[in-house]
Amino acid sequence: MRRWLDPVVQLAGPSLLVIAVGLVATTASPSNEVYFLNALISVSIVVAIYVFVGNSGVLSFGQISFVAVGAFAAGVMTVPLESKKGVLTTLFPVLRDHTIGNLPSLLLAAGLGGLFAFAVGLPLMRLNGLAAGIATFAVLEITHNVLQQWTKIGPGATTLSLVPESTGPLQGTLGALVVIAVAFAYQRSRLGRQLRASREDAAAASGVGVHVHLQRLWAFTLSGALAGFAGALLVHQLGSITTEQVYLELTFLTLAMLVIGGLTSLWGAVVGALAVSGLDSFLSQAEQGVHVLGHKLDLPSGTRLVFLAAIMALVLILRPTGLTGGREFRLPALRRRS
């Protein structure tokens, strides 16, 4: 009974937490709703990163590049046709002369994110440690510069605007639940177990027949697809986007969420995303001036990033396994009466 119940509880824990945030978002004022939507999209991005980083143990700075690809692909392809022909005149004809709906754009973003991750993962997934981190950071840099300079596929250094704002509380919640469900199914699959075995001891896993490079590549591809999907949710929430919004700051912020929550568990990814997103939203408001217990709190610009960096450092020092201890959500053990 316990063996059957544990997986249900492990999936139900993060899912119910996300549903609760989505329900609160429906009751919030329009000015506050954006903070709950940011939290839901943060969950999607952080869980996408967890699929590879958490299961493989290989640090990647490049997952936000897949978010960027998904965001710009979904954004460009959903801008109304009449607006696109007047504003995005330098696009390739196939991009300029066609538009698609909300759901197809989410699927397109996931497909492109996964395809891009597979292409760059073929050579990169043979690397470990510092080399892997530097190489994936190079992917982020290349992606950023291509999106910023190549006006045949997007607006370049200017803002991509006029994107339909279709990510509300319902779509944000459902999107996060889809990402959580896919991540949970993967980590419990044979592929996910083999990858986690290679995380603990790559040499031993290889010795018992685990193809480490192939397992990392599958996880990297799936992570890229989920990140692209999350990018589409993001652009449809914002309605406009620039390349700077899916670059270094988002990379640092989402990795901080994963580390603070618990690098090696899905529960940790969700808890970290929601906790840090809430703190980040409060600090953002505090930089503009906010009243707390009758006193006005007015922080200097940029304080939130300093606070988040300090918190991540403290967590790494005092609790390296994160707020959740790197463990999945479980029911408390029941003691038998003697």
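Select Phe137 first: in this predicted model, its relative accessibility is 32%, so the residue counts as partly exposed. Next, add Phe61, which has a relative accessibility of 28% and is likewise classed as partly exposed. Six aromatic pairs are counted in the structure. In the pair of Phe61 and Phe137, the ring centres stand 6.4 Å apart and the planes meet at 90°, so the arrangement is edge-to-face. Phe61 belongs to the loop between H2 and H3, whereas Phe137 belongs to helix H7, so the contact ties together parts separated by 76 residues in sequence.

**Second stop: Phe66 and Phe116**

Move to Phe66 and Phe116, whose ring centres are 5.4 Å apart with planes at 80°, so this pair is also edge-to-face. Helix H3 carries Phe66 and helix H6 carries Phe116, so parts 50 residues apart in sequence are tied together. Is Phe66 buried or exposed? Phe66 is buried, at 0% relative accessibility, while Phe116 is partly exposed, with a relative accessible area of 25%. Extend the selection to Phe52 and Phe220, which form one aromatic cluster with Phe66 and Phe116.

**Third stop: the second largest pocket**

Keep helix H3 (63-78) and helix H6 (102-124) displayed and add helix H7 (129-149); each of these supplies at least two residues to the lining of the second largest pocket. The volume of this pocket is about 370 Å³. To centre the view, select Val69, Ala73, Leu112, Leu147 and Ile153, the closest to the pocket centre of the 16 lining residues. H3 provides the largest share of the lining, six residues. Colouring by residue class will show 15 nonpolar residues, one polar residue and no charged residues in this lining.

**Fourth stop: the largest pocket**

Turn now to the largest pocket, which holds about 570 Å³ of space. Which residues lie nearest its centre? Among the 21 lining residues, these are Asn38, Glu249, Leu253, Asp280 and Arg304. Display helix H2 (30-56), helix H11 (212-238), helix H12 (248-261) and helix H13 (266-288), the elements that each give two or more residues to the lining. The largest share, six residues, comes from H13. By class, the lining comprises eight nonpolar, eight polar and five charged residues.

**Fifth stop: charged pairs at the largest pocket**

Side chains of opposite charge can pair when their charged atoms come close. Five salt bridges are counted in the model. Select Glu249 and Arg304: their salt bridge has its closest N and O atoms 2.1 Å apart. Glu249 is in helix H12 and Arg304 in helix H14 (residues 303-318), so the bridge ties together parts 55 residues apart in sequence. Glu249 is partly exposed at 37% relative accessibility, and Arg304 is buried at 14%.

Add Asp280, with which Arg304 forms a further salt bridge, the closest N and O atoms lying 2.5 Å apart. Since Arg304 lies in helix H14 and Asp280 in helix H13, this pair ties together parts 24 residues apart in sequence. Asp280 is buried, with a relative accessible area of 11%. With the three residues selected together, the view shows Glu249, Asp280 and Arg304 linked in a network of salt bridges.

**Last stop: Arg199 and Glu200**

Finally, select Arg199 and Glu200, which form a salt bridge with the closest N and O atoms 2.9 Å apart. Arg199 is partly exposed, with a relative accessible area of 24%, whereas Glu200 is exposed, at 59% relative accessibility.

Notes. Residues numbered from 1 in each chain as written. Predicted model: local features only at pLDDT ≥ 70, side-chain atom pairs only at ≥ 80, totals over all residues. Heavy atoms only, no water. 1 Å grid on protein atoms, 1.4 Å probe; cavity = no way out; pocket = protein on both sides within 12 Å on 5 of 7 lines; lining within 4 Å. Points joined across faces, edges and corners; volume = space filled by probe spheres on them. Helix = DSSP H or I, 4+ residues; strand = E, 2+ residues; numbered from the N terminus. Nonpolar A, V, L, I, M, F, W, Y, C, P; charged D, E, K, R; others polar. Phe/Tyr/Trp six-rings, centres within 6.5 Å; stacked < 30°, edge-to-face > 60°. Buried < 20%, exposed > 50% of the residue type's maximum accessible area, 1.4 Å probe, protein only. Salt bridge = Lys/Arg side-chain N within 4 Å of Asp/Glu carboxyl O.
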